[in-house]
Amino acid sequence: MDLASRAIGGRVVAASDESFGVKEHLIDVGEPAFVPGTYDMRGEVVDGWETRRHADADWAIVRLGVGGRLSAIDVDTRFFAGNHPTGCRVDACVLDVVADPTDGGVDWTTIVAPTALKPNSHNIFAVDDRRRYTHVRLQLESDGGVARLRAYGEVIPDPALWAGVTVEVSGVEQGGRVEWSSDSFYSDARALISGDRPRNMGDGWETRRRRDIGPESHDAVMISFAVPAHLQRVEIDTSRFVFNASPEVAVLGSRARPCGEHGWALVSFDVEVLARTRIAPDARQVFVVDAADITALRVQAYPDGGIARVRAFGRPTDRGIALLQSMWEASG
């Protein structure tokens with residue numbers, strides 16, 4: 001998951017310069033684009049962050065939408081060829097949301113050592129650091145332009161925020177993950193667990209039209225939780241899907257966790273969380289459920305179609321709280 005994404009609350013809080021391209025483009029959700037020969041008062045219009053010529057060591061700071069353990073950084077220079085930076089370094093830190101990340105006393109840790117950047121390319125760097133971070137700083141070796149900055153990683157939820165309350169355990173901001181889907185022909189299943197409301201029909205999960213329709217024909221998606229939870233509510237939201245919403249769904253749960261060799265492929269989903277149920281198009285529908293100690297869901301859409309969001313609400317089990325605490329302490 002991209003922890004820096006604007007879709008989950010990421011923000012570019014500061015930059016040394018943004019003469020040609022504004023810093024906010026760095027964390028735009030969409031892919032970068034470029035139309036040659038299009039100009040405005042800044043110069044040629046670019047879909048990214050670009051600094052003035054002849055500057056030295058420009059930088060930009062991103063507050064992650066949710067704190068977590070980083071695994072990879074993508075410094076995306078697509079459409080920046082003769083004007084890309086020569087190289088970069090990436091630093092990270094932990095700060096309160098109201099703290100000033102430009103203060104000279106901030107304790108930054110280098111998570112990507114200085115390295116050269118390729119033009120017009122994804123520049124993907126592995127991060128070998130198990131600690132949790134809330135901010136990243138892209139430090140350029142020169143001036144130039146970067147289209148997108150992606151900070152891929154794993155959410156580490158604060159156990160203090162889970163204690164004694166009902167949590168949207170499937171949500172991406174709480175460590176939920178889409179592990180697999182049978183088909184994502186029209187749109188990515190990962191949109192199902194986004195924290196926002198769907199903006200259009202492309203902001204959801206839509207499969208191709210099945211031609212092998214039978215009584216049990218269905219597409220499916222697996223959603224895992226950070227820790228086990230007792231589920232109390234499940235929301236199936238078909239907003240924006242009017243003529244292509246899934247007519248029926250069923251939700252199965254698992255009490256297992258994947259093994260390292262096979263992942264989720266061999267995990268059994270044998271707990272009925274929500275029996276096969278007819279749903280309405282373009283509507284949010286909430287179902288009362290009672291399913292204990294659930295680690296993941298398999299949502300089955302009959303026979304195919306579109307679903308905008310799936311939200312599972314519950315309370316972490318005692319074992320879940322202990323696991324959260326252990327994760328939190330290990331990432332400090």
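Reader: Let's start with the largest pocket. By class, how many nonpolar, polar and charged residues does its lining have?

Author: The lining has 9 nonpolar, 7 polar and 11 charged residues. Keep in mind that this is a predicted model.

Reader: Okay, but how do you find a pocket in the first place, and how much space lies in this one?

Author: The general idea is simple: rolling a probe the size of a water molecule over the atoms shows where empty space is left. Here, the largest pocket holds about 800 Å³ of space. It is lined by 27 residues, and Asp2, Val29, Asp188, Arg190 and Ala191 are the ones closest to its centre. Two strands, β11 (148-155) and β13 (177-181), each give at least two residues to that lining.

Reader: And the second largest pocket? What volume does it have?

Author: About 370 Å³. Its lining has 23 residues, with Glu154, Val155, Gly175, Arg177 and Met327 closest to the centre. Both β11 and β13 turn up again, along with β5 (59-76) and β15 (219-237), each supplying at least two lining residues. Sorted by class, you get 10 nonpolar, 5 polar and 8 charged residues.

Reader: Now the inside. Which residues have the most contacts in the largest nonpolar core?

Author: First the background: in soluble globular proteins, nonpolar side chains tend to be buried together. In this model, the largest nonpolar core has 65 residues, and Ile73, Ile111 and Leu231 have the most contacts inside it. Strand β15 brings the largest share, 9 residues.

Reader: Which residues does Ile111 touch?

Author: Leaving out residues up to four places away in sequence, Ile111 touches Leu70, Ile73, Val90, Asp91, Ala92, Ala126, Val127, Asp129, Tyr133 and Val136.

Reader: Last one: aromatic rings. How many aromatic pairs are there, and how do I read one?

Author: The count is 3 aromatic pairs. To read one, look at the angle between the ring planes: under 30 degrees is stacked, over 60 is edge-to-face, and the rest are tilted. Take Phe34 and Phe79: their ring centres are 6.2 Å apart and their planes sit at 40 degrees, so this pair is tilted. The two are 45 residues apart, with Phe34 in the loop between β1 (11-15) and β2 (39-40) and Phe79 in the loop between β5 and β6 (87-93). Phe34 is partly exposed at 27% relative accessible area, and Phe79 is partly exposed too, at 41%.

Reader: What about Phe185 and Tyr186: what kind of aromatic pair do they form?

Author: An edge-to-face one, with 4.9 Å from centre to centre and 85 degrees between the planes. Phe185 has 46% relative accessibility, so it counts as partly exposed.

Conventions
Residues are numbered from 1 along each chain as its sequence is written. This is a predicted model: local features need pLDDT of at least 70, side-chain atom pairs count only at pLDDT 80 or more; totals for chains, interfaces and linings use all residues. Side-chain values use heavy atoms; hydrogens and water are left out. On a 1 Å grid over the protein atoms alone, a cavity is a set of points where a 1.4 Å probe fits but cannot get out, and a pocket is an open set with protein on both sides within 12 Å along at least five of seven lines; lining residues have an atom within 4 Å of a point. Grid points are joined across faces, edges and corners, and a volume is the space filled by probe spheres set on the points. Helices (H or I, at least four residues) and strands (E, at least two) are DSSP runs, numbered from the N terminus. Ala, Val, Leu, Ile, Met, Phe, Trp, Tyr, Cys and Pro count as nonpolar, Asp, Glu, Lys and Arg as charged, and the others, Gly among them, as polar. A nonpolar core is a set of buried Ala, Val, Leu, Ile, Met, Phe, Trp, Tyr and Cys residues joined through side-chain atoms within 4.5 Å. Buried means under 20% relative accessible area, exposed over 50%, partly exposed in between (1.4 Å probe, protein chains only). Contact means heavy atoms within 4.5 Å. Rings of Phe, Tyr and Trp (its six-membered ring) pair if their centres lie within 6.5 Å; planes under 30 degrees apart count as stacked, over 60 as edge-to-face and the rest as tilted.
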